[in-house]
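Reader: I'm new to this one and would like to walk through it slowly. Could you put it up for us to look at together?

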Amino acid sequence: MFKGNAQYLKFRLEIGQKINIRGNITVYTPRGNYQLLAQKIEPSGVGELLLAYEQLKTKLQIKGYFDKSLKKELPLYPNNIYVITSNTGAAIEDMKKILKIRYPLAKMILIPSLVQGEEAKYSIVKALKIAEDLAIKDKKNKLKPIIILGRGGGSIEDLWAFNEEIVADTIFNLTTPVISAVGHENDFVISDFVADIRASTPSNAIEISTPNINDLKQFTDSIEIEFSNKLKYIINKKEENLRYLQNSFEQHSLKKKFQFISNSIYQLKKQYNHILNQKIIIKQNMLNNIKDSYELNKPSNKDKYGYVQLTKNNKISSLDKININDNISLENSNIIVSCKVISKNIIDKI
């Protein structure tokens, strides 16, 4: 089979495979050998494209292209969505409508590509590389990009570009999350298995990759209410603390200290006056007692009671110290009498 015909061969020829060949029988005259110049080869009993599909799927599975542990997670809130599809198909218009309703905060960037025909695989690979370069720049700017590869439904021949190995290799080597959204829900292509996520339709890809803005609004409303309640709680607590600090400040303020000192001085003064009054009263009583004693013992009162003062050698003395023949003086306020003791008798006490 010459190269001109071999380029259209979709599946890989293997030893032991049953095939149907269309071509011409020729004879090589010098040797007399017969040969079959194949123009078209088809698998016997199985469609050519179906066999090629299963062969490539098995090959890529062995290489680990379908490993779930290698799948990249989609960002929760993507900024830029790079869509690779035909710019004339209905798929892109549906995706725009859904994105506008569902999540208008994201920006959709169309990278047009062929999605059908022999040149479609090269066009898709080129578009994927352009999207990857743009996504890398986005990530440097702290943005979150994703790539959606898709097209509307069609026959297996129409969708074959998404079953090409070169497309699968490119998807696997991308660093940006990729959603494969090819055909309808029942259509499965190789890009579905290699991509990080499969969407049943291009419209479904938008639904998978973006949050619903209505849900976000409800969520933000609940957060706002929760924040408001927490803010009120914090403000109330701060007001309580402020009142406590204010009361504490007032208790320890200079005004309070002066008031406390003033009260203390007042109490001390009151206590001092009370004690002073008590002492004055006590002293007054003592003075009154002394006055009464003086009134009883003052010289002017001695004559009234027959009392005289006894002195010996000009010193006041008592009868116990007087002896016979002592010269003594007896005096009151008016008279002094000089005497000589002639006798002294002790009075017996009963």
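Author: Before we start on pockets, a definition will help: a pocket is an open set of grid points with protein on both sides within 12 Å along at least five of seven lines, and its lining residues have an atom within 4 Å of a point. Please also keep in mind that this is a predicted model.

Reader: Okay, so which residues lie nearest the centre of the largest pocket?

Author: Leu9, Lys10, Lys121, Trp160 and Glu164 lie nearest its centre, and they belong to a lining of 18 residues. Two or more lining residues come from each of helix 2 (48-62), helix 4 (120-140) and helix 5 (165-172).

Reader: And which element gives the most to that lining?

Author: That is helix 2, which contributes four residues to the lining of the largest pocket.

Reader: What volume does the largest pocket have, and how do its lining residues divide by class?

Author: The volume of the largest pocket is about 390 Å³, and its lining is made up of eight nonpolar, three polar and seven charged residues.

Reader: What about the second largest pocket, which residues line that one?

Author: For the second largest pocket, with a volume of about 240 Å³, the lining consists of Leu319, Asp320, Ile322, Ile328, Val341, Ser343, Lys344, Asn345, Ile346 and Ile347. Sorted by class, this lining holds six nonpolar, two polar and two charged residues.

Reader: Switching to strands, in what order do the four strands of the open sheet come?

Author: The order is 9-8-10-11, with antiparallel pairing. At the edges are strand 9 (315-316) and strand 11 (336-340), each of which pairs on one side only.

Reader: How many bridges are there between strand 10 and strand 11?

Author: Strand 10, covering residues 327-331, pairs with strand 11 over five bridges, in the antiparallel sense. To give one residue pair, Leu330 has Val337 in strand 11 as its bridge partner.

Reader: Last topic, Gln35: where is it, and what does it touch?

Author: Gln35 is in strand 2, which runs over residues 33-43. Leaving aside residues up to four places away in sequence, Gln35 touches Asn24, Ile25 and Thr26.

Reader: Why is Gln35 called partly exposed?

Author: Gln35 is called partly exposed because its relative accessible area is 41%, and that term covers values between the 20% limit for buried and the 50% limit for exposed.

Reader: And how many Å apart are Gln35 and Thr311 in space?

Author: From C-alpha to C-alpha, Gln35 and Thr311 are 186 Å apart in space, while in sequence they are 276 residues apart.

Terms used:
Residues are numbered from 1 along each chain as its sequence is written. This is a predicted model: local features need pLDDT of at least 70, side-chain atom pairs count only at pLDDT 80 or more; totals for chains, interfaces and linings use all residues. Side-chain values use heavy atoms; hydrogens and water are left out. Buried means under 20% relative accessible area, exposed over 50%, partly exposed in between (1.4 Å probe, protein chains only). Contact means heavy atoms within 4.5 Å. On a 1 Å grid over the protein atoms alone, a cavity is a set of points where a 1.4 Å probe fits but cannot get out, and a pocket is an open set with protein on both sides within 12 Å along at least five of seven lines; lining residues have an atom within 4 Å of a point. Grid points are joined across faces, edges and corners, and a volume is the space filled by probe spheres set on the points. Ala, Val, Leu, Ile, Met, Phe, Trp, Tyr, Cys and Pro count as nonpolar, Asp, Glu, Lys and Arg as charged, and the others, Gly among them, as polar. Two strands pair if DSSP finds at least two bridges between them.
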